[in-house]
Amino acid sequence: ETEPPHPSVPPGLMWLQQGEGGGSLRHTCEQSDGLSRYGWLMHDGENFGVQEIRDKGLVLKTEFVKRAGGEHGGDWSWRVTARMEGAGGPAPLLSLFFYIATDGQGTLQPRLENGTRLAAVTGMAEELGSFTLTFLRPTAESGEDPKYASYNYLEAASPGLHRLTEVVRSSLSNRFVFAPPGGPRRRFFAVDTFRGLPGEPPHRGRLLLHQVTLEPPGMVEVTFESGSVADRPGRLAGGALSAALSRHTAAFERRFEETFGLGRKGFPPPQRRFAQAALSDLLGGMGYFHGRSLVQSPLQERPVAAPEATLFTAVPSRSFFPRGFLWDEGFHQLLLARWDPALSREVIAHWLDLMNAEGWIPREQILGEEAQAKVPPEFLLQHSETANPPTLLLALQRLLPDAPLPYLRRLFPRLRTWYDWYNRTQAGPLPLTFRWRGRDPQPERFLNPKTLASGLDDYPRASHPSPEERHLDLRCWMALASRVLAEVAERLGEPAGPYRAMEQALSDNGLLEQLHWAPELGAFADYGNHSAAVGLRWQPPAPPAPGQPPPAPRLMREVREAPRLRFVGALGYVSLFPLLLQLLRPDSPRLPAVLAAMRSERQLWTPFGLRSLARDSPLYMQRNTQHDPPYWRGSVWVNVNYLALRALHGYAGAEGPQRERAAELYRELRHNLVANLYRQHTESGFLWEHYSDSTGRGQGCHPFTGWSALVVLAMAEDY
């Protein structure tokens with residue numbers, strides 16, 4: 001579970017706590033593993049990281065240091081320390097499996113000792129040149145004394161990263177005996193012979209695996225040395241590695257404080273460590289993905305594979321969503337732009353390079369084996385008329401003051417094309433209105449057809465999708481996009497007039513009110529063909545055909561009152577968008593009502609942050625289908641709460657009648673959000689995808705150090 005130097009020869013680690021039935025082999029993260037905590041505690045995004053994994057009494061610490069040199073990225077070294085916590089009696093034996101695989105492109109040459117200990121691998125790969133991977137003998141935790149261990153070796157055809165676990169599991173046999181001098185003899189499971197996986201064609205790839213079995217505590221080091229490094233100052237192992245790790249740790253802590261100032265703000269050390277882990281896990285989850293998207297275009301009958309693409313990006317959760325999501329990425333980059341602006345600029349450029357000739361960027365990037373292995377087949381397909389919020393522009397706006405002009409010059413044609421694509425394909429029924437395309441096509445199957453394009457999936461929209469819809473959030477995103485394009489154009493000395501004109505038109509408070517203020521709701525809202533009287537009901541199945549089993553009853557939507565064109569009666573995150581993106585003037589007569597809805601516990605206020613849908617809203621916490629629990633229908637989401645803090649901070653600093661009120665809400669909201677995320681992290685060990693509005697507990701995917709890591713900016717009050 002570490003970053004490979006390059007996808008063509010991924011090295012990696014598995015581990016096994018030896019037990020009666022062979023124990024549980026750990027490799028790729030599965031929610032079912034039940035690990036009490038794992039994640040990066042420190043990671044600088046470039047040269048160094050420290051990760052801690054807690055697995056039923058076993059504490060594994062993995063640390064790496066990269067040392068630049070030569071023409072292929074230099075050397076890197078890796079240290080794994082294992083110790084047991086809590087349990088009395090002899091520690092169960094622990095096996096660490098270090099592997100390296102090729103996909104048929106490179107060559108690997110094992111160097112064996114006594115036929116069982118893989119001492120080193122020399123290899124050659126296109127991107128890495130020649131290299132040597134050395135597996136050093138384990139030592140005691142101090143790093144000084146040698147430690148008794150048993151060694152096993154496996155060589156096999158590699159069926160690809162996603163099936164390596166099965167290869168190892170199917171090769172295990174318990175005919176081996178662990179016999180330390182003067183200690184008890186114990187049988188253990190180890191790799192023996194590999195007989196091939198059922199249904200697998202022969203493979204070009206090759207897997208070499210080194211198994212070390214020892215009784216914790218103990219430490220193992222692995223070094224990767226690049227053939228093109230000329231004058232190496234000595235191997236990066238033992239004392240030299242310890243010294244490098246100490247140096248990097250001190251530099252990381254210093255840079256973290258210089259960047260975010262949490263010590264100066266009075267946060268105690270445990271809360272600072274929590275913030276460091278949030279940033280580090282986002283950086284440690286970054287990946288370089290390569291593959292082809294599956295695309296459905298209105299011009300073609302069947303889906304086609306898009307051209308090969310590469311994407312360097314952060315991800316919402318490396319364990320469970322190892323792929324790029326367009327609107328998530330803008331939020332990730334708000335944080336990373338503060339830590340490493342050059343890294344952030346590179347990621348944004350990668351995303352804009354995925355644009356097709358029309359200006360469309362697929363909102364999910366499912367590239368390569370690792371990504372595809374975690375996606376249900378029905379979600380692989382990307383539709384070329386489906387948008388996603390252009391949040392990358394939020395991050396770009398933050399990078400603008402210091403961005404080099406040549407960089408902006410390269411970006412600008414793509415930004416223009418992207419902007420034109422939104423205006424052309426997502427236009428609404430009236431001038432200066434917008435509508436998300438691609439809502440769920442079969443409304444009778446859903447309580448409220450989802451709008452995946454908006455990012456807010458099942459957030460309630462008009463009950464009957466139609467071309468008459470006007471979506472408030474998209475209109476606000478387009479106002480932001482116009483503003484950022486104008487700012488980029490001005491920096492480059494390009495004509496900014498049309499963008500400024502569009503920004504003014506979309507920020508006009510009077511027109512915004514005319515198109516989107518719902519007097520009956522006392523809030524801003526979407527407009528469309530809508531019925532408030534809908535529900536899900538079990539439909540009795542049709543009688544079965546002779547000799548066939550009876551079909552299951554289905555939960556279908558029942559419409560009890562015909563829809564009509566009107567404002568959609570849902571108060572929640574969408575209603576806040578004119579405030580979130582700061583389009584409402586500080587003296588707006590509507591601002592008090594928006595702030596009141598935010599602060600009302602009957603509506604959006606909770607002790608843990610703002611909930612996504614008002615408690616008194618008809619679809620609050622309602623399931624969308626038999627199998628879809630509520631998602632954006634009440635939970636507290638960190639990305640929108642961050643936008644709310646940013647906006648309140650803005651209104652608190654602007655002249656206007658609501659200034660004091662905004663400042664007061666800002667202080668309370670910031671306290672509630674930060675305190676709950678810290679508390680849940682302390683109790684559960686993780687950041688989560690969203691949080692319960694009634695208990696504050698983490699929900700959905702974990703670990704989720706994507707946009708939930710924005711808590712670091714909230715702590716730093718960096719907007």
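**Two open sheets and a pocket**

In this predicted model, three strands form an open sheet in the order β18-β17-β22, and their pairing is mixed. Because β18 (304-305) and β22 stand at the edges of this sheet with a single partner strand each, one side of each is left without a neighbour in the sheet. The points below follow this sheet, then an open sheet of five strands, and then the second largest pocket, to whose lining β22 (381-383) also gives two or more residues.

**The sheet of three strands**
- Strand β17, which covers residues 294-296, pairs with β18 in the antiparallel sense, and two bridges join them.
- Leu294 has Ala305, in β18, as its bridge partner.

**The sheet of five strands**
- Here the strands run in the order β2-β1-β7-β14-β11, and the sheet is open with antiparallel pairing.
- The edges are held by β2 (25-26) and β11 (150-157), each of which has a single partner strand, so one side of each is left without a neighbour in the sheet.
- Between β11 and strand β14 (residues 206-214) there are eight bridges, and the two pair in the antiparallel sense.
- Tyr151 has Val212, in β14, as its bridge partner.

**The second largest pocket**
- The volume of the second largest pocket is about 1600 Å³, and of the 50 residues that line this pocket, Arg363, Phe379, Lys450, Leu452 and Asp457 are the closest to its centre.
- The elements that give two or more residues to the lining are α4 (326-339), β22 (381-383) and β27 (554-559).
- Sorted by class, the lining has 24 nonpolar, 16 charged and 10 polar residues.

Conventions
Residues are numbered from 1 along each chain as its sequence is written. This is a predicted model: local features need pLDDT of at least 70, side-chain atom pairs count only at pLDDT 80 or more; totals for chains, interfaces and linings use all residues. Side-chain values use heavy atoms; hydrogens and water are left out. On a 1 Å grid over the protein atoms alone, a cavity is a set of points where a 1.4 Å probe fits but cannot get out, and a pocket is an open set with protein on both sides within 12 Å along at least five of seven lines; lining residues have an atom within 4 Å of a point. Grid points are joined across faces, edges and corners, and a volume is the space filled by probe spheres set on the points. Helices (H or I, at least four residues) and strands (E, at least two) are DSSP runs, numbered from the N terminus. Ala, Val, Leu, Ile, Met, Phe, Trp, Tyr, Cys and Pro count as nonpolar, Asp, Glu, Lys and Arg as charged, and the others, Gly among them, as polar. Two strands pair if DSSP finds at least two bridges between them.
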